[in-house]
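Open the structure in your viewer and keep the selection tool at hand. We will go from stop to stop.

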Amino acid sequence: MSVQITGNEVVEFIRNRCIEIASDASGWVSLFQELDTKAYWVRTYPDSQMQGGGLPLLTHVSAAKAKEDFDF
């Protein structure tokens, strides 16, 4: 089971605890690293059919998965 943060909590979590590491070409999927723990998080918009992309979803991923998906 993966750890996830949803909705408006995503914005606060990113603003207060993370830095952006990378994003995909579309700009709809971004990788963040938590400053204190060095954990990796991926922000997506699973309801992209909604106006503005819907609410964001932040999912914890392993360092290996982050490096594989974002090639950094």
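Select Ile19, Ile21, Leu35 and Phe72. Together they make a nonpolar surface patch of about 330 Å². Bear in mind throughout that this is a predicted model.

Stay on Ile21. This residue lies in strand E2, residues 18–23. Is Ile21 buried, partly exposed or exposed? Its relative accessibility is 32%. Buried would need under 20% and exposed over 50%, so Ile21 counts as partly exposed.

**From E2 to E3**

Now go to Ile19, another member of the patch. Look across to strand E3: Ile19 stands opposite Gln33 there. Show the whole of both strands. E2 and E3 run antiparallel and are joined by 5 bridges. They form a hairpin, with 6 residues between the two strands. Pick Gly27 in that turn; its phi is positive, about 85°.

**Strand E3**

Select residues 30–34, which make up E3. How many of the 5 residues of E3 are buried? The count is 5 of 5, so the strand is largely enclosed by the rest of the structure. In a regular strand, side chains alternate between the two faces of the sheet. Colour the two sides of E3 separately. Ser30, Phe32 and Glu34 are on one side, with Leu31 and Gln33 on the other. Both faces are covered.

**Across to E4**

Add residues 40–44, strand E4. E3 and E4 pair in the antiparallel sense, over 4 bridges. Which residue of E4 is the bridge partner of Ser30? Look at Arg43. Then move one pair along: Leu31 has Val42 as its bridge partner in E4. This hairpin has 5 residues between its strands, and in it Lys38 takes a positive phi near 65°.

How enclosed is E4? Of its 5 residues, 4 are buried, so this strand too is largely enclosed by the rest of the structure.

**On to E5**

Select residues 57–61, strand E5. E4 pairs with E5 in the antiparallel sense, over 5 bridges. Find Thr44 and look straight across: Leu57 of E5 stands opposite.

**The cores**

Show side chains for Ile5, Val10, Phe13, Ile14, Cys18, Phe32, Ala39, Trp41 and Leu58. These 9 residues form the largest nonpolar core. Which helix gives the largest share of this core? Highlight residues 8–17: helix H1 contributes 3 residues. A second core is separate from the first and has 7 residues, including Leu31, Val42, Val61 and Phe70. You have already met Leu31 and Val42 as bridge partners.

**Ala39 and Ala63**

Return to Ala39. Set aside its neighbours within four places in sequence. What is Ala39 in contact with? Select Phe32, Gln33, Glu34 and His60.

For the last stop, pick Ala63, in helix H2, residues 63–70. Draw a line from its C-alpha to that of Ala39. The two residues are 24 apart in sequence and 7.5 Å apart in space. Ala63 has a relative accessible area of 34%, which makes it partly exposed.

Conventions
Residues numbered from 1 in each chain as written. Predicted model: local features only at pLDDT ≥ 70, side-chain atom pairs only at ≥ 80, totals over all residues. Heavy atoms only, no water. Buried < 20%, exposed > 50% of the residue type's maximum accessible area, 1.4 Å probe, protein only. Pairing = 2+ DSSP bridges. Core = buried A, V, L, I, M, F, W, Y, C linked by side-chain atoms within 4.5 Å. Contact = heavy atoms within 4.5 Å. Patch = residues over 30% accessible without salt bridge, like charges linked within 9 Å, V, L, I, M, F, W, Y side chains within 5 Å. Areas by Shrake-Rupley, 256 points an atom, 1.4 Å probe, with all protein chains shown as cover. Salt bridge = Lys/Arg side-chain N within 4 Å of Asp/Glu carboxyl O.
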